[in-house]
Amino acid sequence: MKSSKTTFSVEQMFFKEVFVGTLIYAVALGFFNDYTKIVEAKSFSTIFLSSVVLQLLTIMAFKFKGRIVEWLKPRSGIAYKALMIFCVWLVMFLSKFVFIWVIDQIFGDNININGFFGIVIVVLCVTIIHKLADYTFKKLGE
């Protein structure tokens, strides 16, 4: 069987990230809605639209984290390493409050993600599933 390497453009990879991430968020939110009290949604349409918003917020949070790392990584010294760890933690911690606030502002009572730890659990599950999907995508290309 002949193997051919396919390279993807930045635009294709961004589309894949948004598309796959949105679907993963939709599935995760749907399961959390059906089987837990963490997510309470009025309809699947609300779950899907909030999945789009959450995926875009996740991409922005990771880009912001990446810029901080990019800025601090070339600097040497224990203080810069500690500052980088603290800043990355702070961005990832505070982003969850932003996620909750944005979802509340856009969707109001149509969807509730109950509490800080609720959004942490949802985002953690989505991130793990997304990493597994990326790993599988890359392995299938080898």
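This is a short talk on how one protein chain folds, from its overall layout down to a few single residues.

Hi everyone, and thanks for coming. Before we start, please keep in mind that what you see is a predicted model.

Let's begin with the whole chain. The secondary structure amounts to four helices and two strands. If you walk along the sequence, you meet them in the pattern α-β-α-α-β-α. The C-alpha atoms fill a box of roughly 50 × 45 × 25 Å along the principal axes. Of the 142 residues, 32% count as buried. Now look at contacts between residues at least 6 apart in sequence: 72% of them join residues at least 24 apart.

Next, helix 1, which covers residues 10-35. This helix has 26 residues, and from its first C-alpha to its last it reaches 37 Å, close to the 38 Å expected at 1.5 Å a residue. Its buried residues include K16, V18, G21, T22, Y25 and L29. What do the buried residues of helix 1 pack against? The partners are strand 1, helix 2, helix 3, strand 2 and helix 4.

Let me pick one residue here, T22, which sits in helix 1. Is T22 buried or exposed? Its relative accessibility is 4%, and the cut-off for buried is under 20%, so T22 counts as buried. Leaving out residues up to four places away in sequence, T22 touches E17, F48, S51, V52 and Q55.

Now for the inside of the protein. The largest nonpolar core has 22 residues, and those touching the most other members are Y25, L29, V39, L54, F99 and V122. Helix 1, helix 2 (44-72), helix 3, strand 2 (111-113) and helix 4 each supply at least two residues of this core. Take L54 as an example: apart from residues up to four places away in sequence, it touches Y25, L29, F99, I103, I113 and I119. There is also a second, separate core of six residues, with L72, M84, V91 and M92 among them.

On to helix 3 and helix 4, a pair I'd like you to find on the screen. Helix 3 spans residues 78-107 and helix 4 spans residues 115-140; they pack at an angle of about 105 degrees, with their axes 10 Å apart. Angles of 65 to 115 degrees count as roughly perpendicular, so that is how these two helices are described. Which residues make the contact? From helix 3 come F93, K96, F97, F99 and I100, and from helix 4 come G115, F116, I119, V120 and V123. Sorted by type, the residues of this contact are eight nonpolar, one polar and one charged.

Let's stay with helix 4 for a moment. With 26 residues at 1.5 Å each, helix 4 should span 38 Å, and its end C-alpha atoms are indeed 38 Å apart. The buried residues of helix 4 are F116, G118, I119, V122, V123, V126, H130 and D134. What covers them includes helix 1, strand 1 (39-41), helix 2, helix 3 and strand 2.

Finally, compare those with K138, which also lies in helix 4. The cut-off for exposed is over 50%, and K138 has a relative accessible area of 59%, so this lysine counts as exposed. How far apart are K138 and I103? They are 35 residues apart in sequence, and their C-alpha atoms are 32 Å apart in space.

That's my tour; thank you for listening!

Definitions and conventions. Residues are numbered from 1 along each chain as its sequence is written. This is a predicted model: local features need pLDDT of at least 70, side-chain atom pairs count only at pLDDT 80 or more; totals for chains, interfaces and linings use all residues. Side-chain values use heavy atoms; hydrogens and water are left out. Axes are lines fitted to C-alpha atoms, for helices over the stretch in contact, and angles run from 0 to 180 degrees between N-to-C directions. Angles under 35 degrees count as roughly parallel, over 145 as roughly antiparallel, 65 to 115 as roughly perpendicular and the rest as oblique. Contact means heavy atoms within 4.5 Å. Ala, Val, Leu, Ile, Met, Phe, Trp, Tyr, Cys and Pro count as nonpolar, Asp, Glu, Lys and Arg as charged, and the others, Gly among them, as polar. A nonpolar core is a set of buried Ala, Val, Leu, Ile, Met, Phe, Trp, Tyr and Cys residues joined through side-chain atoms within 4.5 Å. Buried means under 20% relative accessible area, exposed over 50%, partly exposed in between (1.4 Å probe, protein chains only). The expected span of a helix is 1.5 Å times one less than its number of residues.
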